[in-house]
Every structure is written in structure tokens, then in C-alpha cells.
Amino acid sequence: MLTLFHHPMFATCRFVRLAFGEYGEELALIEEKPWARRKEFLSLNPAGTLPVLLAEGDVPIVGAMIISEYIDETRGVLKRERRLFAEDPMERAEIRRLTDWYLTKTESEVTRHLVRERVLKPHMPEAAGGGSPDSAAIRAARANIRQHMKYTNWLAGTRHWLAGTRITYADLAAAAALSVLDYLGEIDWREHASAREWYTRVKSRPSFRPLLGDRVRGLGPASHYADLDF
């Protein structure tokens, strides 16, 4: 069994878990607090970032996008119609674009700030940046949610899946990011019917079940978080 160093509220880590789940492969999970900068963890990834996958032979693979390429090359190419990438290069480009949108753009404008301020800082020592949440950072992140939800709603309303006719890495990246915001109760799904219908389909997949069981000490999920019919 492969091992994933992760944090349950990091969208990039959730993305990797979903990808392996879609291929029916379990991971051994080790929750890592990146601000702790453990010597053993830094020996695997000197940058101290997550996720890190210990692959075959305990070789560390660092970063969600890099891990996704590894998964495709070692597992996806054998899955045919269940492959999370596409055979056509232009379709692959669109999958990569949307995967980057949610794991980079949404992360930098929304998810990272809400997770840091609401989830991480209460558990971080002051010397590592812990303390009271920054209300200005929270307001700025919340102001950006609406645009990302409008875009997701448009994608979901004009395509069967976000990047085309079948589920791909793009859907998993979006679901990973939005599931973090959903846990925190930051999304008003009533305003985004198409995105809600799409998210319900992803949320109902077996690969998503472990994420519905995630909990953060001192911060429970929104009441509808684990409800498949919300």
C-alpha cells in the first residue's frame, strides 16, 4: 500500500485521495502539520509542502499535479474508459487547465486563506504564525468565492462533466476544492443549481466517501456536509 502525507483540509491532498479512490486503490494516510517542519518529513520534501506520496520503493513524489501525472502513467493508461485523463491532446489540455484552475487559482484566491485562518491558525504556535484569525483575509477570500462558483455553475450547466463527457481530473480538482469550502459552510448552493447537481454526483461516488468522514478537531463540518441529498 502506498503512503500519502496529507492534511484533511488541503484541497490538493483531497484531490490525490479522490484520484486513487477512483481507481479503487487505498492509501495509507499520515496527517502532517507542515508548520511543524518535522525533520523526517523534510527529508522527504525539503520544501515542507503537501501532498507527498511515498510511491513504489518508498520514493517520494511531491505535489498534486506531479502525483496526478504519476497516477495516470502507472494506473490510468490501463483503465481505458475509466481513465481520468483523455487520449486527445486538446482534451488533455482542457483537463490540465481546469485542474490547475481549482488547485492553483481557487487555492490562491479562496481556499488557502480560509483554511489557514479558520482551520490551521488555532492549532499553530504563535512562532509559526498561529493566533487569532485575520478577518480581512477571510473577507477577501469570501468575496472571491462567488466568482469561482459562477464559473463552476457555468461549466456544470454547459457540459456533462466539467471538462467534457466523462469524469476527469478536472472534476476531482474542483470537488476537492469545493468540498473544503463546503465543510466550512462557505458555499450557498441555492444560488448555483447546476454546480450543486454536479457536486451531488461527485459526492455520491465511492471515492468520495472517505472525505465525508474527515473531521477537524474543534471545527465540525456544516450540517449538510455528509448528506448526499442536500
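**Figure 1. Buried Glu32 pairs up with partly exposed Arg38.** A residue counts as buried when its relative accessible area is under 20%, as exposed when that value is over 50%, and as partly exposed in between. Keep that in mind for this close-up, which comes from a predicted model. Is Glu32 buried or exposed? Its relative accessibility is 3%, so Glu32 counts as buried. Its partner, Arg38, has a relative accessible area of 31%, so Arg38 is partly exposed. The two residues form a salt bridge, and their closest N and O atoms are 2.8 Å apart.

**Figure 2. Here is where domain 1 meets domain 2.** The domain assignment splits the protein chain into domain 1, residues 1-80, and domain 2, residues 87-206. Their C-alpha centres sit 19 Å apart. How many residues of each domain are in contact with the other? Domain 1 brings 17 residues and domain 2 brings 23. Putting the two together buries about 1,800 Å², with carbon and sulfur atoms giving 74% of that area. On the domain 1 side, Met9, Phe15 and Trp35 lose the most area to domain 2, and together they make up 36% of what that side buries.

**Figure 3. Salt bridges and polar contacts cross the interface of the two domains.** Between domain 1 and domain 2 there are two salt bridges. There are also four residue pairs in polar contact across this interface. Which elements give two or more residues to the domain 1 side? Those are helix H1 (11-22) and helix H3 (64-74). H1 provides the largest share of that side, with seven residues. Sorted by class, the domain 1 side that touches domain 2 has ten nonpolar, three polar and four charged residues.

**Figure 4. Glu22 and Arg205 meet side chain to side chain.** Zoom in on this pair and you'll find a salt bridge, with N and O 2.8 Å apart. Another spot to look for is the network of salt bridges that links Arg14, Arg17 and Asp214. A search of the whole structure turns up 20 salt bridges.

**Figure 5. Val202 is tucked away in helix H7.** Helix H7 covers residues 193-203, and Val202 has its place there. With a relative accessible area of just 1%, Val202 is buried. What does Val202 touch, once residues up to four places away in sequence are left out? The answer is Trp161, Ala175 and Phe208. Now look for Leu18: in sequence, Val202 and Leu18 are 184 residues apart, but in space their C-alpha atoms are 10.0 Å apart.

**Figure 6. Glu109 and Lys105 form a salt bridge within one helix.** Both residues belong to helix H4 (residues 89-120) and are four residues apart, which is about one turn of the helix. Their closest N and O atoms are 2.7 Å apart. Glu109 is partly exposed, at a relative accessible area of 25%. Lys105 also counts as partly exposed, at 30% relative accessibility.

**Figure 7. Glu186 and Arg118 link a loop to a helix.** This pair forms a salt bridge whose closest N and O atoms are 2.8 Å apart. Why does the pair tie together parts that are 68 residues apart in sequence? Because Glu186 lies in the loop between helix H6 (169-183) and H7, while Arg118 lies in helix H4. Glu186 counts as buried at 14% relative accessibility, whereas Arg118 is partly exposed at 25%.

Notes:
Residues numbered from 1 in each chain as written. Predicted model: local features only at pLDDT ≥ 70, side-chain atom pairs only at ≥ 80, totals over all residues. Heavy atoms only, no water. Domains from an automatic or database assignment. Contact = heavy atoms within 4.5 Å. Buried area = accessible area lost by both parts, 1.4 Å probe. Salt bridge = Lys/Arg side-chain N within 4 Å of Asp/Glu carboxyl O. Polar contact = N/O pair within 3.5 Å; in protein donor to acceptor, adjacent residues only side chain to side chain. Nonpolar A, V, L, I, M, F, W, Y, C, P; charged D, E, K, R; others polar. Buried < 20%, exposed > 50% of the residue type's maximum accessible area, 1.4 Å probe, protein only.
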